[in-house]
Amino acid sequence: MGSYDGAECCELVGAYILKQIQDEIGNTFGLYRDDGLGITNKTPREAEKIKKKLCSIFHKNGLRITVSANKKVANFLDVNLNLTTGIHRIYHKPNTHPQYVHAKSNHPLGVINNIPLGINRRLSSLSSDNSTFTTETDIYQQALNLSGHKHKLVFQPAPTNNAQNRDKNTRRRPILWYNPPFSKNVANNIGKIFFNILDTEFPKSHALRKIFNRNFVKLSYSCMNNVSSIISAHNTRLLQHHNETPITTEPSECNCRHKNGCPLQGKRLLTWLCWLFLSSGCKPFEAENFSELVNKIIHLDLPPPSVKGSRLSAKPSPDLVDLITGLLKKDPSERSHWEEVILHPFWNGKLKHLSSESELAVSTDMKEVRCTTPLSKRSSSTLLEHTKTGSVLGYIKDVEMRQSLDRPLTALLAETQGGIEGNLSESLRPRSRQGGSGGDMDAAKFTMSSRPLTSQGNRADEGEIMRKDESGGFNALEIVYYTSDWIVSNISDNNKIQKLPPLKYDQKSLQLPGHSVAKLSGMNKKDCEKHLTTLADLLSMEEKGPPTQKRGHLLTYATIVSANTAFAEYLVRRNLIFSLTKQLKDANHIDTRMKISRLIGSLAQNCDDSVPDSSYAEAAVILTDMLRENFRNAKLKSVLLPALGEIVFLIARVSEHCPVSVKDSNKSAIPSLTFTMILKCLKEGDDIVTHHYAAKTIENIVATNTDVCQKFVTNEVGQSLWYLCTHSSVDSPRITALSALCRITKNSIGVFESVIEKVGFPNLLNTISSSSSSRIQQAYVTMLCEAVSRGQHKQKYLIQKELFTTALHLLESTSSVVRGKTFVLIYIIIQEDSEQLLNLCQSRLIMYMERDKKKQHQTDKPEQLNQIQYLNICLNSLLTEVTRRIPLIVDTFLQLLNSISGRKHLSAAQGKQVKHLLPVVNLLQPLVSSSVFRPYIVNEEFILCVARLLEHTVMVDSGETGLSSSGNVGVPREEFVHSVLSVMETIMQQPALIATYQNVMTSEIAQSLSELCLSEQGESKLLSLKLFCELASVFSQTEYLTDSQQRGADKMVVIVRKDLLPQFEQLLMDLNPIPSYALRLLQNLMSFRPQIAREFMSCGLLPVLYQVIEENHSNPLSQVLQLATGVHCTLIHYKETEIAELYNQGCVDLLVSVCHRLIPYIKERSDQSDINVPCITMNSVLDSIQHLLK
């Protein structure tokens, strides 16, 4: 659906599938396009079978279907059908808002009048009665009223079939229709004129009068196309004409010797290349005459393709620019050959099959492809993967050309669910500054304004950083940078830096019409250019004498107009920046200078950054000299510095986007004094506005990958930014300074390390912990990730305990981005030193991870959704790493236990190792109990590791293996035993785990638990007996045991018969609650293996059981008494029990004595809730007595 002839194809396919459904199921189904409905009187189970058959039919035809069965109410198309009530009513989707043609629109009167009547008829046919009609038509009545129709919707019952039937034998008159287009602008009566002409040209005496008369010729007006369809058709016609026109005069056939083996299938490479360049929407060279065009083609370098029109926010990828540059080299010897073209990264390997050496090309991974763009600026093809179908030519850097490359984070993160690979930090950065008046402004929430500008590409020296590590994971620096880390904002007219007066002007004082930006945008190109030319000429004229109000109003008006990118580019091309800079130098009044500076800043913000201009550097020189001469004037500095910053930033953007040859020729375009003065404004003085402007300038410039950026990547700049951050009392300059320092850190980690060396790492961590702004915390944690990951002194940072405390403090932040980055920081810490995982997990890390994993975020805001998805990616990366390393640490601990097994005294080194690795056992308990970690941690291999731990626990508990050296270096035996049994207890608390790994537990764990049940340590004995009892309860609670469960039950019985029953007297006579668990174990075993009763009595344990009952029958609330009487009742009911022997042992007297104790207690507390246990005990006793008396 949605494609050409999609509806017709859908109906054909539907008819074919309906035939298959009719053959297999029956003729009770119908289809309308891609929606179907069926009815059946089958049972729910049979209906589910029909549903499976439907899915099978569609699956055989290569289609998928969503089916809902056993429904009494269904919404089909625009009607709601209710089988229970037999009523059908109107249905519309919840957010539907119908719209109709307005009553005063340019349509024929018959069409306008029939709109409400047709709506009335349709709604009436969809309603079964007047009540259902009335309740559902409010939304349609409101839509009609808004469209100017006066009709009131009234229910109209459908006419009877007899009234609708027509006589089939009635001969229909052949009608010839004339359909002139209707327009209210036409005053003439077209119908009347047409029929007058008909009567005149075909009189009664004419031979064709029988055909062409008013009875056989009818007139009906047709509606004209709306403006949108007219413009669309016009543009399509022009584009088709343009595409059909040959771009060059080259031959259509190639000059290959072997036409059949031509990789381009006979097409010329230049034709293909020109299509590739024009896909961006612009031409390589433009000129006003042919001679100028030829001169540009021969002598000028190829400019990079830039997108014009409504897609100004989209920049072609570096791969596309590199491909076009290599193909359009003027020197044929330097031009890319065929193998280089098809193996270029732009195609993502989609054209490898065209290579004559495709196998070699795949194996060498395109290492021999010559490319003019550095590898660091190419896009990563592993993160953004477009659909596997469709033409690869329609993609630039894995993104469709029709869409903006500046996509939201939601689309980027939705494609990484299968794995987190590729250079995510490169993909998250904004591609370029916004060139249009629109754009996605949500992403700049934490910046000084909402104008995304230039981004920074990856450096060539980061090749080692952006690699997968040897363990198979990914480098965390790929995801540590979020979108807002690279979005830059304007320097001039930034209200976060300085509150400036609003831009207002008097139209009467202007020397030209004061058209608004919206009106100028709606004007035709010629009039608009004429207006802008007049404005540029007026601005270029220098005013003599003192400044006038007219000049001020003109500057303000120009500033407002230059906010539009297209208008700003036109004004800049007339060399207006340099002209205004000279006027700024000559002006004396501070208000005039302020207005000129704001205009220069606005022009530099919004002009095109792909065309180099030498006047930019000249303007920067003039502003630098003025800034040096007036350095002590704080007010004038706040006027000059924004304009200078915008111009320097413009030069940096131009340098980033211009060809390499132009970039090399303009390395020294900006004098060194400019950078010195900006740094001096940052360091010296006490004017916070000047400091903020300087920091903002540096922040924007270091977001580019240029030589201009490297001028600020110094230790002096880093320490000055840190000083501004720590000594400012306002958050705005602190955020700007930290953002600039964060971007400098990305360029050179040494700058941030110099800051750490000066202030001290503990003081830095204290500063981070004391910060409350989420934007400040975001920059801090980003720099920490860089320092811990690739700093020269990272090992010194990792041993600081305050680092873990700071990380846990940041996890309490309300910002999802800060928490996500903190998870990345912890990931890096674990990567650098896996032993730190134990320290982190012993703290609240698992709690924080579980909280963010389970938290349900309810929001519809795109930016918040992006942040939540970013948090999930960071959290999943840490979760994967933790769950990957835990088994490795457990295995290391088991290897240590194997090496010391059987040794009662350890060496000092072994004692230290045991003490160091024991926390891994304590760590397993919260991981297993966590619903987040459990699916990743617990598997059969993990259960086997726990079984090995239990085996060592038995040896430690019996004293065969010691855990401390002669110098008491190690851990106490009780602590180790308790830790392992606590892990086992946590596993036993999950019935699903016991059922899943029942075979492993009965074969590997039950034996160790039975041995620990006879431990000399009371706590170990109690906990082991409790776990063994819970393991046995799995079989007692299962009604039907499978074959594997039968084998497991047999193993449990063998272990009990062999190890526990001979020592059961000791368990029954021990202190509470050990007898309770022993009796519960016995009760569970006898529930699925009654033969245990015979073994129990053969071991002479019946007198011991009587002794237990006698000792506890004085306490009616005793759990021991309840369980003992229950076991006794089971023994009596066992068929092989000798009743006479029970008589001889005083069974009846004992039971009667218990009854005498219980009856008064139950009578006195019959209305209380604490008689549950006595009642159960009483039932067991009475049941036993009844069986004895039979």
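**View 1. Residue classes in the lining of the second largest pocket.** In this predicted model, the lining of the second largest pocket is made up, by class, of 25 nonpolar, 12 polar and 11 charged residues. The lining counts 48 residues, and those that lie nearest the centre of the pocket are Gly36, Leu37, Gly38, Val67 and Ser68. The volume of this second largest pocket comes to about 1600 Å³.

**View 2. Elements that line the second largest pocket.** At least two residues of the lining are supplied by each of helix 1 (6-24), strand 1 (29-32), strand 2 (35-38), helix 2 (44-60) and strand 3 (73-76). Helix 2 gives the largest share of this lining, with nine residues.

**View 3. The hairpin of strand 3 and strand 4.** Strand 3, which also supplies residues to the lining of the second largest pocket, pairs with strand 4 (residues 79-82) in the antiparallel sense over four bridges. Ala74 has Leu81 of strand 4 as its bridge partner. Two residues stand between the strands of this hairpin, where Leu77 takes a positive phi near 55°.

**View 4. The open sheet of three strands.** The strands of this open sheet follow the order 3-4-5, and their pairing is antiparallel. Strand 3 and strand 5 (87-90) are the edge strands, each of which pairs on one side only. Direction ignored, neighbouring strands of the sheet are turned by 20° against each other on average. Strand 4 and strand 5 are joined in the antiparallel sense over four bridges, and the bridge partner of Asn82 in strand 5 is Ile87.

Notes. Residues numbered from 1 in each chain as written. Predicted model: local features only at pLDDT ≥ 70, side-chain atom pairs only at ≥ 80, totals over all residues. Heavy atoms only, no water. 1 Å grid on protein atoms, 1.4 Å probe; cavity = no way out; pocket = protein on both sides within 12 Å on 5 of 7 lines; lining within 4 Å. Points joined across faces, edges and corners; volume = space filled by probe spheres on them. Nonpolar A, V, L, I, M, F, W, Y, C, P; charged D, E, K, R; others polar. Pairing = 2+ DSSP bridges. Axes fitted to C-alpha atoms, helices over the stretch in contact; angles between N-to-C directions.
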